[in-house]
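Me: I would like to learn how to read a protein model feature by feature. Could you take me through this one?

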Amino acid sequence: MRVGITGHRGLSTDVEEQVRALLADQVTEYAPAELVGVSCIADGPDSWFAETVLQHGGRLEVVVPATEYRQGLPDWHHPVYDRLLSHAADVHHTGMTESTSEAHQAGSEILVGLVDELIAVWDGKPAWAYGGTADVVAYAERTGVPVRVLWPEGASR
């Protein structure tokens, strides 16, 4: 089973704990030997999901939206990004250089094209900018990829 992730970044510590628990519950539903997690490994749900997949014994594939993508992530996340990237069984690239909203959406579209199911850590609200979680969910739905929404009850971003 190939499972992708999209989700809101910048969540509070309280919401992070709840989301990590939801992701762990979801990932344990898959047989480790058959699980391939696909992620752009940004800070937040992308990397939490990737870590959970690896801890569960699944394989990780990474989509890099742009050559400059890593530099656009928070400095504190770089060691996590580098570690997860080093554990990737395969890495997919968009061919874009600048880390823009368009590149992020292109990366997400590649991700959706690689998976059987998409997990969305999503509050159900519109994206704040192009290429956000809502846009990725809409793309998955348009292309027929099932979406499983995970969001802690009563949480806000």
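Reply: Gladly. Let us begin with strand pairing: two strands pair if DSSP finds at least two bridges between them. This is a predicted model, and here β2 and β3 pair in the parallel sense over 4 bridges. One place to look is Val38, which stands opposite Glu61 in β3. The chain gets from β2 to β3 through α2, and this β-α-β crossover is right-handed.

Me: In which sense do β1 and β2 pair, and over how many bridges?

Reply: They pair in the parallel sense, over 3 bridges. Find Gly4 and you will see that this residue stands opposite Val38 in β2. The route from β1 to β2 runs through α1, and this β-α-β crossover is right-handed.

Me: How should I read the two faces of a strand?

Reply: In a regular strand the side chains alternate between the two faces of the sheet. So you can check the burial of each face in turn, and buried means under 20% relative accessible area. In β2, Val36 and Val38 lie on one side, Gly37 and Ser39 on the other, and all are buried, so both faces of the strand are covered.

Me: What does Val36 touch, not counting residues up to four places away in sequence?

Reply: With those close residues left out, Val36 touches Met1, Arg2, Val3, Arg59 and Glu61. Val36 is found in strand β2, and its relative accessible area is 8%, so it counts as buried. For a distance to try in your viewer, take the C-alpha atoms of Val36 and Gly57: they are separated by 9.5 Å, and the two residues are 21 apart along the chain.

Me: Next, backbone angles. What should I look for in phi?

Reply: Most residues other than glycine have a negative phi. Ile41 is a case to stop at, with a positive phi of about 50° although it is not a glycine. You will find Ile41 in the loop between β2 (36-39) and α2 (45-56).

Me: Is Ile41 buried or exposed?

Reply: Ile41 is buried, with a relative accessible area of 0%.

Me: Which side chain has a polar atom 2.9 Å from the backbone oxygen of Ile41?

Reply: That is the side chain of His77. A polar atom of the His77 side chain also lies 3.3 Å from the backbone nitrogen of Asp43. His77 is found in the loop between α3 and α4, and it is buried, with a relative accessible area of 1%. Leaving out residues up to four places away in sequence, His77 touches Ile41, Ala42, Asp43 and Ser47.

Me: Now the charged side chains. How many salt bridges does the structure hold?

Reply: It holds 10. For each pair, ask where the two partners sit and how exposed each one is. Start with Glu61 and Arg2, whose side chains meet in a salt bridge at 2.8 Å, N to O. This pair links distant parts of the chain, with Glu61 in strand β3 (residues 59-64) and Arg2 in strand β1 (residues 2-7), 59 residues apart. Glu61 is buried at 5% relative accessible area, whereas Arg2 is partly exposed at 22%.

Me: What about Glu29 and Arg148?

Reply: Their side chains also meet in a salt bridge, at 3.8 Å, N to O. The partners are 119 residues apart: Glu29 is in the loop between α1 (13-27) and β2, and Arg148 is in strand β6 (residues 147-150). Glu29 is exposed, with a relative accessible area of 56%, while Arg148 is partly exposed, at 32%.

Me: Which parts does the pair of Arg70 and Asp82 tie together?

Reply: Arg70 and Asp82 meet in a salt bridge at 2.7 Å, N to O. Arg70 lies in helix α3 (residues 69-72) and Asp82 in helix α4 (residues 78-86), so the pair ties together parts that are 12 residues apart in sequence. Arg70 is partly exposed, with a relative accessible area of 27%, and Asp82 counts as partly exposed at 33%.

Me: Which residues are linked in a network of salt bridges?

Reply: Glu16, Arg20, Glu51 and Arg83 form such a network. Try displaying those four side chains together.

Terms used: Residues are numbered from 1 along each chain as its sequence is written. This is a predicted model: local features need pLDDT of at least 70, side-chain atom pairs count only at pLDDT 80 or more; totals for chains, interfaces and linings use all residues. Side-chain values use heavy atoms; hydrogens and water are left out. Helices (H or I, at least four residues) and strands (E, at least two) are DSSP runs, numbered from the N terminus. Buried means under 20% relative accessible area, exposed over 50%, partly exposed in between (1.4 Å probe, protein chains only). A crossover is right-handed if, with the strands pointing away from the viewer, the path from the first strand over the helix to the second runs clockwise. A polar contact is a pair of N or O atoms within 3.5 Å; within protein, one must be able to donate a hydrogen and the other to accept it, and residues adjacent in sequence count only if both atoms are side-chain atoms. Contact means heavy atoms within 4.5 Å.
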